Amino acid sequence: MGRGKLGMGIEMSGGELFVVSAPSGAGKTTLCRQVCRLTQGLVYSVSHTTRAPRPGEEDGRDYFFVSEEIFRKMAENGEFLEWAKLYNNMYGTSRAWVLEQLQQGNDVIMDVDIQGARQIRAGDLPCHLIFVLPPSWDTLRLRLANRGTDSRQEVELRLGWAEKELQVWEMFDYLIVNDELKEAVEELRSVVMAQRCRKERRGQWVRSHWKVLIPGGR
Ligand code: ADP
Ligand code: 5GP
């Protein structure tokens, strides 16, 4: 992933964008949350959605829950970096928030469907696309059922979408199989940490701390 100009003429200085997609129930929310807790300077992008909150979900923490009217206005005003309609609901990522975090030097991790991942890749923000797969079809069905947040009909709808979503795994840069949660968390975190060690990013620190590398400096 190269450095360069972000949208709106902003020069990218530090943070990078990690886009995580997976069929619903594969565990991407669980993974993203755990990796953020373990990793300083990695922030989770809270999306806007028109779907109703599930029991236990909090506005501003899990999603910004908005009406369809507000969502449409935001989309018309170009406030979303990407947005998509799925399962009869709309989901979108705040452009301003993501750009601000990246400018501050934070890495941003976001959990979006494959339409969202496609839009981000087609845009002018450098990004890393990560796909999370469940270990098997039966496990996916079981996780969706055990999560206990969706009706049987909703679970079937999500499984139907999952079949299509799994077909596009090759568009992603990284593949994580979420079987053992601890291992999957480690793998996702490794993807983030590896980018931080790249010379394009760490080189600036090396140049400023190792004066001996500058002719005549020490
Ligand atoms: P998604 O965000 O992809 O829809 P979630 O993170 O909500 O998926 O996970 C779906 C369900 O599976 C949740 O109940 C979660 O606790 C559980 N889960 C996630 N990862 C694992 C795992 N590796 N092993 C067992 N259960 C898991
Ligand atoms: P859920 O309703 O289970 O929370 O999420 C359903 C789907 O919406 C998941 O595949 C999730 O990745 C996706 N999603 C959540 N936020 C966004 C977003 O901001 N943009 C897009 N395109 N998809 C999102």
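In the residue classes used here, Ala, Val, Leu, Ile, Met, Phe, Trp, Tyr, Cys and Pro count as nonpolar, Asp, Glu, Lys and Arg count as charged, and the others, Gly among them, count as polar. The structure in these views is a predicted model.

**View 1. The residues around ligand 2 in the predicted model, grouped by class.** The shell around ligand 2 is made up of six nonpolar, five polar and seven charged residues. Of the 18 residues around this ligand, those that come nearest are Arg 51, Tyr 63, Tyr 91, Asp 111 and Asp 113.

**View 2. Polar contacts of ligand 2 with two tyrosines and an aspartate.** The side chain of Tyr 63 places an N or O atom 2.5 Å from an oxygen atom of ligand 2, and for the side chain of Tyr 91 the corresponding separation from an oxygen atom of the ligand is 2.6 Å. A nitrogen atom of ligand 2 is in turn 2.7 Å from a polar side-chain atom of Asp 113. Ligand 2 taken alone exposes 510 Å², and 97% of that area is buried by the protein.

**View 3. The pocket and the strands that surround ligand 2.** The largest pocket is where ligand 2 sits. Strand S5 (80-86) and strand S6 (89-94) are the elements that give two or more residues to the shell around ligand 2.

**View 4. The residues around ligand 1, with their classes.** Gly 25, Thr 29, Thr 30, Arg 147 and Asn 178 come nearest among the 13 residues around ligand 1. By class, the shell around ligand 1 divides into three nonpolar, six polar and four charged residues.

**View 5. Polar contacts of ligand 1 with backbone and side-chain atoms.** An oxygen atom of ligand 1 lies 3.0 Å from a backbone N or O atom of Gly 27, while a polar side-chain atom of Lys 28 is found 2.9 Å from an oxygen atom of the ligand. A polar backbone atom of Leu 181 is 3.3 Å from a nitrogen atom of ligand 1. The area that ligand 1 exposes when taken alone is 560 Å², of which the protein buries 74%.

**View 6. The pocket and the helices that surround ligand 1.** The space that ligand 1 takes is the largest pocket. At least two residues of the shell around ligand 1 come from each of helix H1 (28-38) and helix H5 (137-147), and H1, with three residues, gives the most to this shell.

Notes
Residues numbered from 1 in each chain as written. Chains lettered and ligands numbered in written order. Predicted model: local features only at pLDDT ≥ 70, side-chain atom pairs only at ≥ 80, totals over all residues. Heavy atoms only, no water. Near = heavy atom within 4 Å. Polar contact = N/O pair within 3.5 Å; in protein donor to acceptor, adjacent residues only side chain to side chain. Areas by Shrake-Rupley, 256 points an atom, 1.4 Å probe, with all protein chains shown as cover. 1 Å grid on protein atoms, 1.4 Å probe; cavity = no way out; pocket = protein on both sides within 12 Å on 5 of 7 lines; lining within 4 Å. Sits in = over half its atoms within 2 Å of the grid points. Helix = DSSP H or I, 4+ residues; strand = E, 2+ residues; numbered from the N terminus.
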